[in-house]
Structures are given as structure tokens and as C-alpha cells.
Amino acid sequence: MSIGSVSGTVEECRGLTGDELELCEDANDVGTAIGAGLILGLWVAVDFILGLTYLIYRLASRQPHT
């Protein structure tokens, strides 16, 4: 199962048919993609901050060359 796949019909879409059902399911897919994108973006931002913090720590704790 991929990060953006949802199985079945969403509760809010039950009882709809035709274009209304398609529009409701498409809106759900967009919401899922936005949520997954936000989680991925947050993960990348935290990873960058942690990497930068580690780099600064390593540079600050090096022994001076004599």
C-alpha cells in the first residue's frame, strides 16, 4: 500500500453516485496527498535542522591545530 492510497469509500461519500461520488473521492485523495506532503516536509525540515546542529557541534568541538 502506498502512502497516498486509501481503500474503500470514505464515510462522507457513501450514498453519492456519479459525478458527486467522483468529486467526493477526488477531494479525499487531494486531502490525503496534502497530509502526506506535510508529514514528509516536516520530516525533511527536522532532518535538516538535526544535521545542521550536528555539524555545528562537530565544528565547535574540534581540537585546534598547533
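**Notes on a single-helix predicted model**

1. Phenylalanine 48 counts as exposed, because its relative accessibility is 57% and the cut-off for that class is over 50%. This residue is located in helix α1, and, as with everything below, the statement concerns a predicted model.

2. Phe48 also belongs to a nonpolar patch on the surface, which it forms with Ile49, Leu52, Leu55, Ile56 and Leu59, and together these residues have about 610 Å² of accessible area. For the protein as a whole, the exposed area is about 6000 Å², of which carbon and sulfur atoms supply 65%.

3. In secondary structure the protein has one helix and zero strands, and the helix, α1, covers residues 18-60. Of the 66 residues of the protein, 6% count as buried, a class that is set at under 20% relative accessible area.

4. Both cysteine 13 and cysteine 24 are buried, and a disulfide joins the two, with an S to S distance of 1.9 Å. The count of disulfides in the model comes to one. The link between cysteine 13 and cysteine 24 is left-handed, with -85° about the S-S bond.

5. What does the pair tie together? Cysteine 13 lies in the segment before α1, whereas cysteine 24 lies in helix α1 itself, so the pair connects parts that are 11 residues apart in sequence.

Note on methods
Residues are numbered from 1 along each chain as its sequence is written. This is a predicted model: local features need pLDDT of at least 70, side-chain atom pairs count only at pLDDT 80 or more; totals for chains, interfaces and linings use all residues. Side-chain values use heavy atoms; hydrogens and water are left out. A disulfide is a pair of cysteine sulfur atoms within 2.5 Å. Helices (H or I, at least four residues) and strands (E, at least two) are DSSP runs, numbered from the N terminus. Buried means under 20% relative accessible area, exposed over 50%, partly exposed in between (1.4 Å probe, protein chains only). Accessible areas come from the Shrake-Rupley method with a 1.4 Å probe; for residues, only the protein chains shown count as cover. Patches are made of residues with over 30% relative accessible area and no salt bridge: like charges are joined within 9 Å, nonpolar side chains (Val, Leu, Ile, Met, Phe, Trp, Tyr) within 5 Å. A salt bridge is a side-chain nitrogen of Lys or Arg within 4 Å of a carboxyl oxygen of Asp or Glu.
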